[in-house]
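Here are some notes for your first reading of this model, set out as numbered points. Please keep the sequence and the structure open beside you while you work through them.

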Amino acid sequence: MTIHVLACGGAAVPAALAALPVTAAPAVPAKPDFDALLPLLDDGTATRLVVVGDDGALAATVTRLMRGERLHVEVGYVAAERTPATRLYGLPVAERAARLARGGDASAVPLIRDDSGTALIGEATITGPDGGPLVGEAYADSERVFSGEIARLRVTPTVALPGVRATAGRRWGRERWLPARAVQLGAVGAVVTRDGVTTARALKRCSFYRDPREWLLVR
């Protein structure tokens, strides 16, 4: 198996991966950062790409694999500390994560994307402008998540189907999560922070839904 390492945002490459080919990239890689790397994954063998960074780097990588029709590439993930994605998928961190990313087995997990064609890996948090209340209405499939005003809306993938879930916050001391294939929001103004990356402007509508395809995560 051919294994490549993508080190993002100046992240240190753990010892378990030090002997592998390494490509450096910004904290959130963009298309030009993948232009030279992705063709290296097209040699016809089972290939693995190990992302060293945070959830934003992993989401950017899965997005490029999705858009480039390369979802056959196995993805390992090495974060320095716990993140929404490591908790969701039960992944270790630091050196333990590096050993797993190099020697573990990959399995298919639901591919969640938004209506801009960007993958959601760990968590999206949606508020109103400047972190204020979110005013609007959201549905998880046909079930209403909220209508009116809330502090924030949270959306995460799920390991099992239907693939995505949403919550409008705490109710009677705990969060009420609604699983769905798709979560849709209409709002006066919605600022989306997806895997740590915040949209540049407020949106009137956004949605997250399960793609028919899956991606391969080393777990």
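**Notes on the model**

1. The burial of one aromatic residue makes a good start: at 4% relative accessibility, Tyr89 counts as buried, where buried means under 20% relative accessible area, exposed means over 50% and partly exposed lies in between, with a 1.4 Å probe and protein chains only. This is a predicted model, in which local features need pLDDT of at least 70 and side-chain atom pairs count only at pLDDT 80 or more, while totals for chains, interfaces and linings use all residues. Residues are numbered from 1 along each chain as its sequence is written, and side-chain values use heavy atoms, with hydrogens and water left out.

2. How many aromatic pairs does a search of the whole structure find? The search finds 1 aromatic pair, a pair being rings of Phe, Tyr and Trp (its six-membered ring) with centres within 6.5 Å, called stacked if the planes are under 30 degrees apart, edge-to-face if over 60 and tilted for the rest. The ring centres of Tyr89 and Trp215 are 6.0 Å apart and their planes stand at 85 degrees, so this pair is edge-to-face. Because Tyr89 lies in helix 3 (residues 84-89) and Trp215 in strand 17 (residues 203-218), the pair ties together parts that are 126 residues apart in sequence; helices (H or I, at least four residues) and strands (E, at least two) are DSSP runs, numbered from the N terminus. Trp215 is also buried, with a relative accessible area of 2%.

3. Both of these residues return in the largest nonpolar core, where Leu58, Tyr89, Ile121 and Trp215 touch the most other members among its 29 residues. A nonpolar core is a set of buried Ala, Val, Leu, Ile, Met, Phe, Trp, Tyr and Cys residues joined through side-chain atoms within 4.5 Å. Helix 2 gives the most to this core, with 6 residues.

4. Helix 2 deserves a closer reading, since its 13 residues (residues 55-67), at 1.5 Å a residue, should span 18 Å, and its end C-alpha atoms are indeed 18 Å apart; the expected span is 1.5 Å times one less than the number of residues. The helix is mostly covered, with 11 of its 13 residues buried, including Leu58, Val62, Leu65 and Met66. At its N-terminal end, Asp54 acts as a cap, with a side-chain oxygen 3.2 Å from the backbone nitrogen of Gly56, and just after the helix Glu69 takes a positive phi of about 55 degrees.

5. A search of the whole structure finds 10 salt bridges, each being a side-chain nitrogen of Lys or Arg within 4 Å of a carboxyl oxygen of Asp or Glu. One of them joins the side chains of Arg194 and Asp114 at 2.5 Å, N to O. Since Arg194 lies in strand 15 (residues 182-194) and Asp114 in strand 5 (residues 106-114), the pair ties together parts that are 80 residues apart in sequence. Arg194 is buried at 14% relative accessible area, and Asp114 is buried at 4%. Glu69 is linked with Arg113, Asp211 and Arg213 in a network of salt bridges.

6. Another salt bridge, between Asp35 and Lys31, has an N to O distance of 3.3 Å. Both residues lie in helix 1 (residues 31-35), 4 residues apart, about one turn of the helix. An α-helix has 3.6 residues a turn, so residues three or four places apart point the same way. Asp35 is partly exposed at 43% relative accessible area, and Lys31 is partly exposed at 46%.

7. The charged end of Arg165 sits over the ring of Trp177, 3.7 Å from its centre; the rule asks for NZ of Lys or CZ of Arg within 6 Å of the ring centre and within 35 degrees of the ring normal.

8. Some loop residues merit a check of their backbone. A cis peptide bond, with omega about 20 degrees, joins Leu161 and Pro162, and Pro162 is found in the loop between strand 10 (153-157) and strand 11 (164-167). Asp130, a residue other than glycine, has a positive phi near 60 degrees, lies in the loop between strand 7 and strand 8 (134-140), and is exposed with a relative accessible area of 83%.

How values were computed
Polar contact = N/O pair within 3.5 Å; in protein donor to acceptor, adjacent residues only side chain to side chain.
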